[in-house]
Amino acid sequence: MKIYIKSIIIIILFFMLFTNICLYAGKVENEWPYPVPCRIKDGQNKDLFIMTLGKVSTPLADGIFYPSEDKVVLKNGKEIKNYFKNILGIKYFKPIDKSEFPLPPSGWCSWYYYYQEINENEVIKNAKWLSENLKDYGAVYCQIDDGWQGKGHGLGDNRDWTTIDKRFPRGMDGLAKVIKSLGLKPGIWLAPHGQSNERVVKESGAFMLTKDGKSASSTWEGEYLLDPSKKEAIKYLEKLFTTLAMEWGYEYFKIDGQPIVINEYKTKTEFMENPKADPEELYRRTLLTIRNTIGSNRYLLGCWGIPLLGVGIMNGSRTGGDVRASWDGFLVAVDATMKYYFLHNIAWYCDPDVMLVRSPLSLDMARAWATLQGLTGQALMASDRLYDLSEERVEILKRVFPAVDIRPLDLFPSDKYKKIWDLKINHLGREYDVVGLFNFDEEKAEGIYLKWSDLGLPENSLIHVFDFWNKEYLGCWEKGIYLVLSPASCKVLTLLKAENRPQLISTSRHITQGWIDLKEISFDNEKMLYKGRSVLVKNDPYEIRFVFPRDKNYKIKEARVNGKRVKFFNYQGWARVCFSRPKNEEVRWEVYFEPAEIYTYPVNPPRRVDVEFINFNEVRVHWTPLYTLTAGYMVYLNNELLGYTPANQFEIYGLEPEREYEVEVYGVWFDGTKSKKPAKIRFKLKNMLPEKVYLSEIKPVSMTAGWKIPRINKAVSGFPLKIGNTVYRRGIGTHAPSEIIYKINGLYKKFTAIVGIDSHTWKGKGSVVFKVYGDKKLLWDSGLIRKKDSPKKIEIDIIGVKTLCLKVEDGGDGKDWDHANWIEPVLSNKEF
């Protein structure tokens with residue numbers, strides 16, 4: 001009997017051990033941190049920026065990143081150890097802890113509408129609107145920014161966290177209770193290392209002082225700064241955050257000015273109680289104190305630039321400067337994304353600052369901003385006066401809330417503002433791409449060629465294309481698509497490899513088009529039946545969009561939701577089902593299809609094809625639009641298909657100056673039927689060269705700047721180009737350190753320009769050195785140029801130069817205010 005009982009016990013213990021092993025194995029495979037595909041450098045298309053959602057596999061990946069080991073294993077088997085720590089310079093890297101916050105925060109911040117003019121009443125009105133209109137879409141945080149504390153206004157002199165401004169009569173605890181009563185989570189801003197109240201400083205004994213008792217550090221952070229080497233500083237932070245979290249009830253903390261704190265600790269050690277202690281470790285000790293006090297279930301956000309020393313402690317961080325309601329403000333968020341997105345959902349949640357959609361931003365601009373947030377999955381905080389927004393602007397917000405579990409494929413920073421953002425999604429067996437195309441130029445339209453092979457898609461396969469923001473199907477095409485974007489705008493295209501049956505390409509709930517709402521889908525080929533389950537937001541019109549094979553049309557015969565018939569609309573090549581529910585609800589739907597006829601129009605070829613020079617390896621082909629019906633045009637180069645365009649132009653790049661080319665343009669119908677004959681033109685690029693070329697009119701191979709991006713015909717600040725008292729119409733405004741590279745292929749003999757510091761710098765600041773390189777050989781050096789100096793002229797020979805580089809270096813005193821202008825940069829074949 002005893003042996004029998006022992007045997008049973010052993011079996012039970014073995015079963016428990018086996019179960020735990022299986023559970024652990026499942027956790028390793030399915031829960032973060034797990035290996036993810038990655039790129040460690042740009043591929044052939046330098047304008048491509050790639051993200052992933054779900055378990056994505058792509059031929060574009062260079063290898064696999066193992067977060068727990070901080071290593072990359074490339075396709076060839078080579079290992080790169082300590083990838084984040086050593087290669088990317090993230091000293092304290094460890095994988096983000098997603099146990100309490102599996103997704104980035106989504107909600108509202110008061111700062112970018114009210115600034116310090118915030119009050120309790122306005123917070124409550126926005127919170128009520130948020131609760132009634134966006135909470136069901138995932139926007140749940142309501143964060144009060146600067147202005148609640150002290151005297152309500154000011155900078156370093158208004159850092160008193162023990163005094164509440166009179167505009168908040170309920171007190172901050174009372175306001176938090178109101179926010180929570182609306183089903184939201186209250187958040188609060190502060191600069192906790194600083195203090196402006198002398199009484200608090202004196203009583204706490206926690207701050208850095210000089211020998212005569214004065215402040216040793218008076219900055220934006222506060223008139224006084226905590227001494228992190230003092231035990232009193234730790235007690236001060238524990239008391240402060242106990243008040244904010246436990247007594248007042250806040251669940252989200254935005255701690256500002258962190259790089260200031262770090263810099264002050266590194267440069268003011270002599271005023272610390274323990275001047276020999278490591279200032280970085282002391283700073284991290286203050287963060288750990290905050291973290292331990294608020295607990296792991298409250299969100300900690302670093303702010304001001306990017307406090308990388310907070311990695312491993314902060315849940316997330318701002319990664320750039322302050323935005324504003326303008327296109328330039330949007331570009332601040334683009335800059336932050338390009339430079340630091342590699343950290344997102346790997347080390348912490350990145351925050352490129354808030355999303356704005358209000359006027360004076362156009363609807364195109366607002367959609368572009370929403371697209372940045374929606375395709376990257378970064379922290380998503382609106383910051384408009386919510387109850388003033390029009391329906392169409394609220395609609396934009398609804399389509400990107402909440403932030404979802406997107407992470408970068410590209411584990412490297414970029415100085416280039418990339419124009420093609422490819423989110424690769426794998427969900428419920430659907431593998432598709434949601435691609436954002438951006439025109440960052442506020443003044444000029446721009447054509448973008450989206451080549452399937454650049455995205456890792458089979459280049460000869462037919463790809464369905466759906467325009468998300470415009471809610472329309474663009475057809476099914478091979479090779480690629482060329483689209484013209486209006487100034488300061490974007491397009492969001494859903495790409496799906498075509499199959500010989502009806503396919504679900506898009507849903508309307510969220511920009512990810514299925515990730516949020518679709519819970520189950522299946523297709524019965526015999527019954528021609530698509531069915532699935534979707535989660536709907538109450539009273540939100542919901543659409544499911546289907547596409548059909550290009551050469552075999554279908555139509556919806558019947559659509560039912562929870563057994564009841566609903567509306568549907570049939571078009572050639574695609575169809576949609578529309579319904580809504582009076583409450584938040586998961587529904588079952590069924591859509592039956594049947595064959596439908598294809599209407600084909602006998603398209604004609606276009607006329608008057610012409611070609612124009614736009615770069616040293618690129619031309620623009622354009623033609624007169626057809627008077628008669630067409631779906632668009634198919635463009636061929638030397639008998640090879642480039643792709644489809646609905647426009648009457650197509651840009652072709654990668655050309656050789658000496659080679660002769662033939663372009664053919666066919667009219668095409670939606671079923672792929674082409675015109676019987678094409679329009680043709682032959683050309684040789686070298687024969688099209690203008691006598692002189694302004695580099696400000698030519699696309700460089702690459703261009704970088706130490707702040708923002710180089711601007712065409714404007715200073716880097718956005719003001720007119722100006723040196724001294726002279727304003728110039730043509731040129732390039734940049735900021736040191738900067739490098740602008742052109743492939744000129746030995747086509748020109750002379751380079752001329754004028755250089756100098758832009759006049760819009762602050763209080764005479766700015767010093768730089770301009771340099772010109774030809775094929776990596778120094779051709780010209782300006783020497784040190786300061787703002788007070790007159791502009792300098794450049795006149796140099798560039799015979800035989802294939803790669804021309806315009807470089808600006810810091811003048812030796814730091815890069816602040818190093819606004820540098822290349823005025824009228826010209827290539828020519830004329831003699832001096």
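**Exercise 1. Enclosed spaces**

How many cavities of 30 Å³ or more does the structure hold? Describe the lining of the largest cavity and of the second largest cavity.

*Solution.* The model is a predicted one, and the structure holds three cavities of 30 Å³ or more. Begin with the largest cavity, whose volume is about 50 Å³. Its lining consists of Cys109, Gln143, Tyr252, Lys254, Leu301, Arg318, Asp351, Asp353, Val354 and Met381, and when these residues are sorted by class, five are nonpolar, one is polar and four are charged. Then turn to the second largest cavity, which has a volume of about 40 Å³ and is lined by Asp328, Leu331, Tyr417, Lys708, Ile709 and Arg711. Sorting that lining by class gives three nonpolar and three charged residues, with no polar residue.

**Exercise 2. An open space**

Which residues lie nearest the centre of the second largest pocket, and which helix gives the largest share of its lining?

*Solution.* The second largest pocket holds about 760 Å³ of space. Its lining is made up of 20 residues, and those nearest the centre are Gly321, Gly706, Trp707, Lys815 and Asp816. Next, ask where the lining comes from: helix α10, which spans residues 327-340, supplies five residues, the largest share. Finally, divide the lining by class, which yields six nonpolar, seven polar and seven charged residues.

**Exercise 3. A sheet of four strands**

In what order do the strands of the open four-stranded sheet stand, and which strands are at its edges?

*Solution.* The order is β1-β3-β4-β5, and the pairing is antiparallel. The edge strands, each of which pairs on one side only, are β1 (36-38) and β5 (79-81). On average, and with direction ignored, neighbouring strands of this sheet are turned by 25 degrees against each other. Within the sheet, strand β3 (residues 63-66) is joined to strand β4 (residues 71-74) in the antiparallel sense over four bridges, and Gly63 has Leu74 of β4 as its bridge partner.

**Exercise 4. A sheet of five strands**

Why is one side of β25 and of β29 left without a neighbour in the sheet?

*Solution.* First write down the order of this open sheet, in which five strands run β25-β26-β32-β28-β29 with antiparallel pairing. Strands β25 (518-524) and β29 (564-565) stand at the edges and have a single partner strand each, so one side of each is without a neighbour in the sheet. For the pairing of β26 (residues 529-536) with β32 (residues 585-595), count the bridges: there are eight, in the antiparallel sense. One of the residues to locate is Ser534, whose bridge partner in β32 is Val587.

**Exercise 5. Two helix pairs**

At what angle do the axes of α4 and α5 cross, and at what angle do those of α11 and α12 cross? Classify each pair by its angle and its handedness.

*Solution.* The two descriptors to look for are given by a general convention: two packed helices are described by the angle between their axes and the distance between the axes. For helix α4 (residues 120-133) and helix α5 (residues 171-181), the axes come within 10 Å and the crossing angle is roughly 15 degrees. Because angles under 35 degrees count as roughly parallel, α4 is roughly parallel to α5, and the crossing of α4 and α5 is right-handed. For helix α11 (residues 363-376) and helix α12 (residues 391-398), the axes come within 9 Å and cross at roughly 15 degrees. By the cut-off of 35 degrees, α11 and α12 are therefore roughly parallel to each other, and their crossing is right-handed.

Terms used: Residues are numbered from 1 along each chain as its sequence is written. This is a predicted model: local features need pLDDT of at least 70, side-chain atom pairs count only at pLDDT 80 or more; totals for chains, interfaces and linings use all residues. Side-chain values use heavy atoms; hydrogens and water are left out. On a 1 Å grid over the protein atoms alone, a cavity is a set of points where a 1.4 Å probe fits but cannot get out, and a pocket is an open set with protein on both sides within 12 Å along at least five of seven lines; lining residues have an atom within 4 Å of a point. Grid points are joined across faces, edges and corners, and a volume is the space filled by probe spheres set on the points. Ala, Val, Leu, Ile, Met, Phe, Trp, Tyr, Cys and Pro count as nonpolar, Asp, Glu, Lys and Arg as charged, and the others, Gly among them, as polar. Two strands pair if DSSP finds at least two bridges between them. Axes are lines fitted to C-alpha atoms, for helices over the stretch in contact, and angles run from 0 to 180 degrees between N-to-C directions. Angles under 35 degrees count as roughly parallel, over 145 as roughly antiparallel, 65 to 115 as roughly perpendicular and the rest as oblique. A crossing is left-handed if the near helix is turned anticlockwise from the far one by less than a right angle, and right-handed if clockwise.
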